[in-house]
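Dear colleague,

I am handing over the structure below, together with some notes on what I found in it. Please read them with the model open beside you.

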Amino acid sequence: MATEDERYRESSQFRLWSFAPANLQDLREKTNSLAKQQITARLTPTPEFLTTDEEARLVKFFTVELIRAAQFCELPTEIRSTAAMFLRRFYITNSVMTYPPTELLKTSLFFGCKAEGFYIRLAKLAEKFPNTSSEQILAGEFLLCQGIRFAFDVRHPFRALEGAILELRRRLPDEEARVSRAHARAREILKFSALVTDVYFHFTPSQIMMAALLMVDSGLVDTLLPRPAAPHDDNSPVGANTDMHEKILTAVEDCRAMLEDEPPERMAEYWGTPEIVKSMKPLRKKLQKCRDPDRADLVALQRARREQAAKPKKPGPAESAMFGEDLRDVKRRKVDGDDVFGAHRPPRANASMERVMAPADAFRQRSAFGPLRRHRRARQLAAVPRGTWHVWGVSPGEGRGLPRTPRAERPIVCSPLLVTAGRAWLTDKLVPPRVSDVGRAPKAAKRPHGVLGELQHDVFQSGQRRRLQVTELWLNRAQEQRTCEMKRNGRYHAAHGQAGSPGRILHPSRHPITSFPTHRSGQTTVHSLTPTDGPIGAQSAGPSAFSSRPAMATHGVQETAAMLVSLVILQAAGALASLQRRAGASAWSSSADGKYKLSQVDAPSLGGSNPGLDTWDLTIADKTGLRQTIKGFGACVTDGTVTAFNKLPADQRSALLKDLMGPDGLNFNLMRHTVASSDLSADPAYSYDDNGGKPDTGLSGFNLGDRGNAMVSMLAEMRRLQPDLTILGSPWAPPGWMQLDGVITGTTTNNNLNHQYVDAYAQYFVKYLQAYEQGGAHIDAITIQNEPLNSRAQMPTMYIFADESGALIRDNVGPAIKKAGLKTQVWAFDHNTQDYDYPETVVNMNGKDTVQAAAWHCYSGNDPSHWQPLSRFHDQFPDREQYMTECWTAVGTTDWVHSSSFALLPLQNWANGIIAWALGSFSGGGPVISGGDACGICTGLVTVDPSGGSYRKEVDYYMMGQFSRFMPKGGRALAGTGSYLYGDGTGVESVATLNPDGTRTVVIQNRYDHDIWVQLGTEGDGKWSGRAYAKAVTTWVLPKA
């Protein structure tokens, strides 16, 4: 039977995609040179091209982006790896200057799913990416297949790693902890380092696996590859084996050197380190200037190829006789006739309506300014309710027999957009539309109710006053909606929005045409409708006077006049309503610059007018979208917090605690505390039963000590101020004598629980809970170990494996707590979201009566993708709660986005509560344990002057308050839409709750450096709108619907 090595050497990966380093570099240089030659002929003047090294940096960057996208899409590891290799293979023989990597990485992901047999709908994948259609993903598929030479087989080192781990566990049965640590770390290396370097092109999967293990624990590699013994005689073959052993180790060492250039920790740096992000901007700008203009749009390239292939060939006599011209025409129409993405076709004769899109399609429509290319707004049309009339403004083209006028002086004509039977229709006749034309619709469509009048508005263009005219206003009588949207010089303007700002499709909402803000001053000017029951365009239309035409046949003069009177009344009522705020609505804001600090600001209103800001649309499902129950907000009380707060005079300390816990302050009702020493404790490290380092299985030496008693007093006082307080306790390490290394702050070797003391370990928790209860600080929940996968030297830590943790809770800690008659819950994990399988293992080993929740930290990353494992956990365990129990803050290092994000993003992903790291500290940080890797720069939400004379509420204090003060315990998080962040970090995130009293809280995080106008659609009472301040968190409290 063939060996694994022999099978690999027969694979396409070895035959087609294995290179010596020099050969690979030579191939990349040839690719770069060829791309320059091709693009030079197409660009004038010749730009500055990317070098081979710059291309390699960009390929690495986009590979990281692909891994990030795969994590966001929750694709398995094997698919991420296969897709990454497809992308890297493609750009060996193709240049990033020739084909856009931003599009190819999406195609690689989709094709990776195919190659690995993982089913995912194309439309579902496209939805994960902004401004991406299914066609865009498919456009590069054949191109990708050509680029990778149709070699779809990718051999990964993961299977080799699993086999090596099984062998190590067989050979080293007493070192399970060591092997498991190496397994986890090596897998992380293979999931990132191997994909962003060239090791796949130079080494076999087994060599890559060995290199990863060598980075983690060289002794394990020696166990797998022992050095041959010394020869017993001159004829022994050991000498040859020694040479082979040296060759293997040399290859593994070379591979390790490449992997060490990109350790897994750099994954977070690529996404969040400002220096790295900044360093890539010049390269990406350079790429934009030197890319091939003929191949930048893969969709257009595909269309051109398809159209070329669809062109009829001149048939020979035999072919004509056999097939006939008509049959070939039918085949050609089958390819091109119904393709809405194909070349523009003129409208059919005698047809006034042309279908421009179907649901989920994009569109193209001719205007005086050329074709309107695919736009994000097009996809929104599919969601417009059936039977609703909207008006979409388009620029006029040539009038029928009318004199041509300068473009700047042409009137804007709003044409009706009809949505019926799930399809969108736009009038084909643009200027001037006759009533008989614009009123005509497909047989299945309802006719509009008629033209109501003319609205005039002054705008400023190139420093000159121009008068724009809206010559058609349509009324949907059933919903009493009047909307009009105009396009001028390629930009859209809404009749209720800011002149000059991008527009959007207007859904049914309260937007009476009563005002239109001026472009120059941004102030609202009210204009009146000029009543008319005569022809459209009978009023002045600039230099051109439209000819008079008869009114719509179905509406007489009397009916039209009655409609106009109704419109004027509705206008007045609508204008008054838009200026009045709904009683009880309020808004509060905290900003990065400190201008707002939980400050009350202008409240939102129902149907309010935009004062001239960019618009952002959000929705909440406040009737049908109820999600998890909110259990509270707070921070962690460390020994450092107690020390700092106790430095304050009694009156200041009392006032501070009231601000933190009281309903008029932050209203914190979910606190965590450190059980004995943490890294934010002063020296020396301690537990509640040190006993001089000697075993004390009976725990006769259990004693809280001075620092433990001070902690109890602080928590008891907080509980008196906040009777509805929930307290979570987390130990950083048990007594040293319970650990294999015998000390609290030892090395990372044998930093594990000694299992001969598991019963004493369980009773240690019981005694701690009872002691705090007696001091008035009831503990509601515990985690058995803070960050169980974080083993640090010279710090109080302890490493606990997932199955070990599950067994300890199930067999020891849980039964001991229950036997003692305590009601304290046990929460799983208490560490980072990247290790999702840890709490999964613990929960699967325990029932809900033993493990009630999972606890998560933020140190894998604090962007939306890193919090998605909470949604995955909820899908798998919908009956368990989840909490974000730690995320650090540091004045001068973290910012307002950080602290508001670790509250907002977990709530979007089913978290029930949020706990920041340190509640308080000294102003410079600390106190901390010395000699280890303690967080010396960590600061609390409140910082105290070391002299004890004053304290300061940091920006993180106010950011947490935007949630905790306005989202009471017992509320329900709400489903919603509209939250989105762009690649440069700008965007808007939001989360909302339905509170026990029926009010609704909406928290809006605006990452832009300017104010925006938020329009919030609700199910309960229509659309609210108001200001979200620049670089700030704004909280709206809306009344009961």
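At which residue does α11 bend, and by about how many degrees? In this predicted model, the bend in α11 is at Leu190 and comes to about 35°. Helix α11 covers residues 176-196, and its end C-alpha atoms lie 30 Å apart, which agrees with the 30 Å that its 21 residues should span at 1.5 Å a residue. Leu190 itself is one of the buried residues of α11, which also include Ile189, Phe192, Leu195 and Val196.

The partner I looked at is helix α4, residues 52-72, whose axis comes within 9 Å of that of α11 and crosses it at roughly 150°. Because angles over 145 degrees count as roughly antiparallel, α4 and α11 are therefore described as roughly antiparallel to each other, and their crossing is right-handed. On the α4 side the contact involves Lys60, Thr63, Val64 and Ile67, which meet Lys191, Phe192, Leu195 and Val196 in α11. The spacing within these sets may be read against the general rule that an α-helix has 3.6 residues a turn, so residues three or four places apart point the same way.

Helix α5, residues 77-93, has 17 residues that should span 24 Å, and its end C-alpha atoms are 26 Å apart, which agrees. Of those 17 residues 15 are buried, so α5 is largely enclosed by the rest of the structure.

For the chain as a whole, the secondary structure comes to 32 helices and 35 strands, and 55% of the 1041 residues count as buried.

With best wishes

Methods: Residues numbered from 1 in each chain as written. Predicted model: local features only at pLDDT ≥ 70, side-chain atom pairs only at ≥ 80, totals over all residues. Heavy atoms only, no water. Helix = DSSP H or I, 4+ residues; strand = E, 2+ residues; numbered from the N terminus. Expected span 1.5 Å × (residues − 1). Bend = angle between axes of the 7 residues up to and from the residue. Buried < 20%, exposed > 50% of the residue type's maximum accessible area, 1.4 Å probe, protein only. Axes fitted to C-alpha atoms, helices over the stretch in contact; angles between N-to-C directions. Parallel < 35°, antiparallel > 145°, perpendicular 65-115°, else oblique. Left-handed = near helix turned anticlockwise from the far one by under 90°. Contact = heavy atoms within 4.5 Å.
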